[in-house]
Structure formats: structure tokens, C-alpha cells
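Please work through the exercises below with the sequence and the structure at hand. Each task is followed by a solution in steps.

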Amino acid sequence: TIKARDELVSLLPYPLGPPPETMQTKLGFSRIIRMGDNENPYGASPFALEAAKKELESVSRYPDGTYSRLYNALGEFHGLPEGFFIVGNGSDEVIRLLTRAFIGHGDEAVMASCTFPRYKTNVLIEGGIPVEVPLANGAHDLEGMMAQIGRKTKMVFVCNPNNPTGTIVEKNALAQFISDMPKNVMIVVDEAYVEYVTLGEMNDAKTILEKQPNVVILRTFSKIHGLAGLRIGYGMMAPEIAGELRKVKDVFNVNRVGAAAAAASLADKAFIAESAEKNCLEREYVANCLAGMGFTVLPSEANFLFVLLKESSLAAEASLAEKGIFVKGLAAPGYPNALRVALGCREENDAFLKALRSFAAEGV
Ligand code: PMP
């Protein structure tokens, strides 16, 4: 047999169940309720869809490899020069570019022990060492993370709001953490869900990046923009860091349909504001109902809730899937039985609450 690199020996492919679409047919549902992937239940901006359709006319041609329209739109949106941006095939790709370019064998990367799993995987792929710090009250323990910074530390990940808990690190705490960090350590702040924050005060990307050359901020079009299927994300960072990522990225890493849709979506501020508002109402509603049912729910500022169960979370996930409701059952350090449930529209949320009530009462 042909041996893969040593770094891959202990890794497994990401576990994907059967696609919800096929379960719909198999189980005979007229529709399924997707609350497992933190998507936007209200779809995407009509302007983005229009732009995507128009772009289909040109799919026989490669995209503009400079992605000038998208970079221009991003620059305007954030008030930063275009050299600060890197677009990727999802922010997933930007994470991989960062570890590819900056993590070498034996380099350490500090992260929460219960956070987005791709940070750890990508660090391991490069032969780096993930240093995982438990959450404190469901949120990033910045003090604990700072205590792990040492000679070998190359990178620190702060997922804000954190997936899967939905908790945030507020503006002043993060600003202090960044200013205390040695300047040769890169701080990656993943803001995939930041548009959903309504209560906490968050940092402004431009203000941070203009002062702090060791910070990278990640955003995505997969969540509030509702374009998960087109796979577009981006990073904002000092041009020197962006220049290194350009060396390792594929030339046409983003497809032209996605690039066009993303640029158009940025301009539709009304769609984003409306999605955030509806999400906030549903988040309060579902969190209150769950609390009323006796569940502990962490305070979420994202488009999902982290619900602590007494029963097996995998059994809960399976029981809900039987009813056509897809959520994520997790066994994370400190949280052996948790459900991460993305907020849907009211009807979907009510169906979820009913199914969970039944599972808690009767095990089905
Ligand atoms: N970061 C976080 C925190 C996420 O939850 C996700 C998606 N689940 C991503 C990054 C990647 O998103 P995408 O690749 O779709 O942009």
C-alpha cells in the first residue's frame, strides 16, 4: 500500500450522515427541517440570486482570477484597501490557507477545546500541535488561553461568536487580549456568525486591523447571507499576511457564480438586517420555551442554540431525524450531551420544540 503522510495517520474524514434530502424520500416526509448546519432559513438576497443567474451565462469561462468586483465590494463594505482581503472557497479554505502558510512541524496553535473543529484538523494536517483550552462558563477563557502562549505558539483561534456554544467575547476583552499577545503570534478571529450579535458590543474589523498587523478576521457568505451552497468566505488581514496566502492559494479558488452573488449580497443591507432581526426574535422565543421545558441553554448571540441534555445527545439527534428534523448532537469536552440547533422560522422551531419535548418525555 502507498502510505500517506504521517500527519494523516490519526485523522478521520469528517463524519457526514446521509444527506437530509435522501432521508426525505426514504422516510416519506413532504418536507424536512434543516437545523443542523447553521444556515439562513430565509434563503438569500434576491439581488444575489439574480446576479448568480446572470453569471451562469458565462460558466464556460474561468472566473476573473483577480476577483476584482468582489474585492472592490469588500473593500467598500469594510472601509479597507483591497489588499487586506483574501476570498476563499468558504472560510474553511481561508483557515486551511492560514495553516498551510504559517503552521510548520511542531508549531503550536492555541484554541478552545469546544469550538469549530476545522482549526484543530488543519493544524494537525500541517504537523502542528493544537493546544486546547477548556471553555469557562461556555465562553472562551482568554486568560487560560494567554497562559498557554509560549515560544512555540504560532497561532491563536478565537471563534466569535463561538460555534457550537453561541457565546461571545466582547469588544474590550478581545482588544485587551490582542494588545497583550506577543506580536509574532497570529490571532485568528472567526466571525462567521457576527452579524447575528444583538446584545454584546463587538470589535470593528477596520479599527483592529489598522492597528494590529498580527490579527486575521474571518467572515463567510454561508450564514446570514444564505449562500452556503456557493461556498464563499473571506479573511481580512494585513497585506503582508494576505501576500503569503496568495502564494499557496489556487488561482481560481472561488467560482464565478459565487463571486458574483457574494458581491451583490454585500450591497443588500436590508436582507441582512431583516435576517438578523427575525433570528433574534426566534432565538429569544426558542430559548424561553426550552428554559420553560427545564433545559439549560447557553446565552447565544448566534443563529443557533446550545442545549444541554440529560439524555444522550446522539439518541436525541437520531430521534428527531426520524421525524425529519435535523439537528446536531454533540459530545464536546465539558458537554457530554449537547444539541446544537440552528434557529429556523417559527413553524420549524415549533416542530423542533414539539419533537424534543416528546423525546425528553418518552425517549422518542
Ligand atoms: N467558521 C465557523 C465558526 C463555522 O461555523 C463555519 C461553518 N460551519 C465555518 C467557519 C466555515 O464556513 P464556510 O466554509 O461555509 O464559509
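The exercises that follow treat the domains, the core, two helices, the ligand shell and some single residues.

The model is predicted: local features need pLDDT of at least 70, side-chain atom pairs count only at pLDDT 80 or more, and totals for chains, interfaces and linings use all residues. Residues are numbered from 1 along each chain as its sequence is written.

**Exercise 1. State how the protein is divided into domains, and describe the side of domain 1 that touches domain 2.**

Step 1. Domain bounds come from an automatic or database domain assignment. Domain 1 comprises 6-43 + 270-362, and domain 2 comprises 46-267.

Step 2. The C-alpha centres of the two domains are 24 Å apart.

Step 3. Two residues are in contact if their C-beta atoms, placed from the backbone, lie within 7 Å. By this criterion, 27 residues of domain 1 meet 27 residues of domain 2.

Step 4. Helices (H or I, at least four residues) and strands (E, at least two) are DSSP runs, numbered from the N terminus. On the side of domain 1 that touches domain 2, at least two residues come from each of helix H11 (269-292), strand S10 (304-308), strand S12 (328-332) and strand S13 (335-342). H11 gives the most, with five residues.

Step 5. For classes, Ala, Val, Leu, Ile, Met, Phe, Trp, Tyr, Cys and Pro count as nonpolar, Asp, Glu, Lys and Arg as charged, and the others, Gly among them, as polar. This side of domain 1 holds 15 nonpolar, eight polar and four charged residues.

**Exercise 2. Locate the largest nonpolar core and explain why it lies between the domains.**

Step 1. A residue is buried if 20 or more other C-beta atoms lie within 10 Å of its own, exposed if 12 or fewer, and partly exposed in between, with C-beta atoms placed from the backbone. A nonpolar core is a set of buried Ala, Val, Leu, Ile, Met, Phe, Trp, Tyr and Cys residues joined through C-beta atoms within 7 Å.

Step 2. The largest such core has 103 residues, of which Val188 and Ala261 touch the most other members. Helix H10 (residues 256-267) gives the most to this core, with eight residues.

Step 3. Because domain 1 and domain 2 both give residues to the core, it lies between them.

Step 4. Apart from neighbours within four places in sequence, valine 188 is in contact with Leu98, Met155, Val156, Phe157, Val216 and Leu218.

Step 5. In soluble globular proteins, nonpolar side chains tend to be buried together.

**Exercise 3. Determine what covers the buried residues of H12, and decide whether H1 lies in the open or not.**

Step 1. Helix H12 (residues 313-322) has Ser313, Ala316, Glu317, Ser319, Leu320 and Ala321 buried.

Step 2. The cover over these residues includes H1, strand S11 (325-326), S12, S13 and helix H13 (346-362).

Step 3. In helix H1 (residues 20-27), zero of the eight residues are buried, so H1 lies largely in the open.

Step 4. Glycine 28 follows H1 with a positive phi near 75 degrees. Just after H12, glycine 324 has a positive phi of about 80 degrees.

**Exercise 4. Describe the shell around the ligand and the surroundings of lysine 223.**

Step 1. A residue is near a molecule if its C-beta atom, placed from the backbone, lies within 6 Å of it. The ligand is surrounded by 13 residues, the closest being Gly90, Asp92, Thr220, Ser222 and Gly233. The shell comprises four nonpolar, seven polar and two charged residues.

Step 2. An unreviewed UniProt entry places "modified residue: N6-(pyridoxal phosphate)lysine" at Lys223. UniProt positions are given in the numbering used here, feature names are shortened, and annotations may be inferred rather than shown by experiment.

Step 3. Lysine 223 belongs to the loop between strand S7 (215-220) and strand S8 (233-236). Lysine 223 is buried, because 28 other C-beta atoms lie within 10 Å.

Step 4. Not counting residues up to four places away in sequence, lysine 223 touches Asn38, Asn40, Ala192, Tyr193 and Asn303.

Step 5. Asparagine 38 has a positive phi, near 55 degrees, although it is a residue other than glycine. Asparagine 38 is also buried, with 23 other C-beta atoms within 10 Å.

**Exercise 5. Identify the cis peptide bonds that precede proline 161 and proline 164.**

Step 1. The bond from asparagine 160 to proline 161 is cis, with omega near -5 degrees.

Step 2. Asparagine 163 and proline 164 are likewise joined by a cis peptide bond, with omega about 20 degrees.

Step 3. Proline 161 is in the loop between strand S5 (153-159) and helix H7 (171-180), and proline 164 is in the loop between S5 and H7.
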